[in-house]
Amino acid sequence: MRALLFLLLIIALFLLVRFVINRVDQFRREAEWEEAARERAEKEAKIKAQQPEPMIHCELCNLHLPEKEGLCVTDNAGEKHCFCSKEHLEQFIEEKTKN
Ligand SMILES: [Zn+2]
């Protein structure tokens with residue numbers, strides 16, 4: 001009888017240890033996964049920051065500038081025309097309509 005109790009105790013201990021090991025392993029894996037996700041997000045943000053801004057050039061004065069600082073319009077033919085300022089856009093339209 002004592003031997004049986006001892007055996008049960010050993011089995012219970014074994015199960016407990018296995019449970020604890022599994023939990024620790026699970027926590028470790030979750031932490032690793034979170035770390036990897038964080039690193040991936042950081043890397044993506046870095047790549048995004050390194051990408052150069054799209055540049056355009058004014059069709060009138062040929063000035064190069066970032067697209068968001070310029071003024072781009074699409075004509076009836078579907079062609080994109082970019083300008084450094086509203087004045088140059090208007091001047092371009094004026095010259096186009098003259099021809
Ligand atoms: Zn210009």
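Strands here are DSSP runs of at least two residues, helices are runs of at least four, and both are numbered from the N terminus. With that in hand, Glu67 can be placed in the loop between S2 and S3. Everything in these views comes from a predicted model.

**View 1. The whole chain is a stretched-out affair.** The protein has 2 helices and 4 strands, and from the N terminus on they run α-β-β-β-β-α. Along its principal axes, the C-alpha trace spans about 110 × 25 × 15 Å. The radius of gyration tells a similar story: it comes to 34 Å, while a compact globule of 99 residues would have one near 13 Å. Buried residues make up just 6% of the 99. As for contacts between residues at least 6 apart in sequence, 24% join residues at least 24 apart.

**View 2. Ala12 sits on helix H1.** H1 covers residues 2-50, and Ala12 is part of it. Is Ala12 buried or exposed? It's exposed, because it has 10 other C-beta atoms within 10 Å, and a count of 12 or fewer is what exposed means here. Look back along the chain to Met1, 11 residues away, and the two C-alpha atoms are separated by 17 Å.

**View 3. Asn62 has an unusual spot on the backbone to look at.** Asn62 is in the loop between strand S1 (55-57) and strand S2 (64-66). Its phi is near 65°, a positive value even though the residue isn't glycine. With 8 other C-beta atoms within 10 Å, Asn62 counts as exposed.

**View 4. Glu67 keeps some company in its loop.** Which residues does Glu67 touch, leaving out those up to four places away in sequence? They are Glu53, Pro54, Met55, Ile56 and Cys72. Even so, Glu67 is exposed, with 12 other C-beta atoms within 10 Å. Val24 is another matter: Glu67 and Val24 are 43 residues apart in sequence, and their C-alpha atoms are 52 Å apart in space.

**View 5. S3 and S4 make a hairpin.** Strand S3 (residues 71-74) pairs with strand S4 (residues 80-83) in the antiparallel sense, over 4 bridges. To follow one of these bridges, start at Val73 and cross to His81, its partner in S4. The hairpin has 5 residues between its strands, and Gly78 in the turn has a positive phi of about 85°.

**View 6. Ile56 belongs to the largest nonpolar core.** Who else is in this core? Cys82, Phe83, Cys84 and Leu89 join Ile56, for 5 residues in all. In soluble globular proteins, nonpolar side chains tend to be buried together. Setting aside residues up to four places away in sequence, Ile56 touches Leu65, Glu67, Gly70, Cys72 and Cys82.

**View 7. Helix H2 lies largely in the open.** H2 runs over residues 86-98, and its 13 residues should span 18 Å at 1.5 Å a residue. Its end C-alpha atoms are 18 Å apart, which agrees. Why say that H2 lies largely in the open? Of its 13 residues, the number buried is 1, so there is little more to it than that count.

How values were computed
Residues are numbered from 1 along each chain as its sequence is written. This is a predicted model: local features need pLDDT of at least 70, side-chain atom pairs count only at pLDDT 80 or more; totals for chains, interfaces and linings use all residues. A residue is buried if 20 or more other C-beta atoms lie within 10 Å of its own, exposed if 12 or fewer, and partly exposed in between; C-beta atoms are placed from the backbone. Two strands pair if DSSP finds at least two bridges between them. The expected span of a helix is 1.5 Å times one less than its number of residues. A nonpolar core is a set of buried Ala, Val, Leu, Ile, Met, Phe, Trp, Tyr and Cys residues joined through C-beta atoms within 7 Å. Two residues are in contact if their C-beta atoms, placed from the backbone, lie within 7 Å. The radius of gyration is taken over C-alpha atoms; the globule rule is 2.2 Å times the number of residues to the power 0.38.
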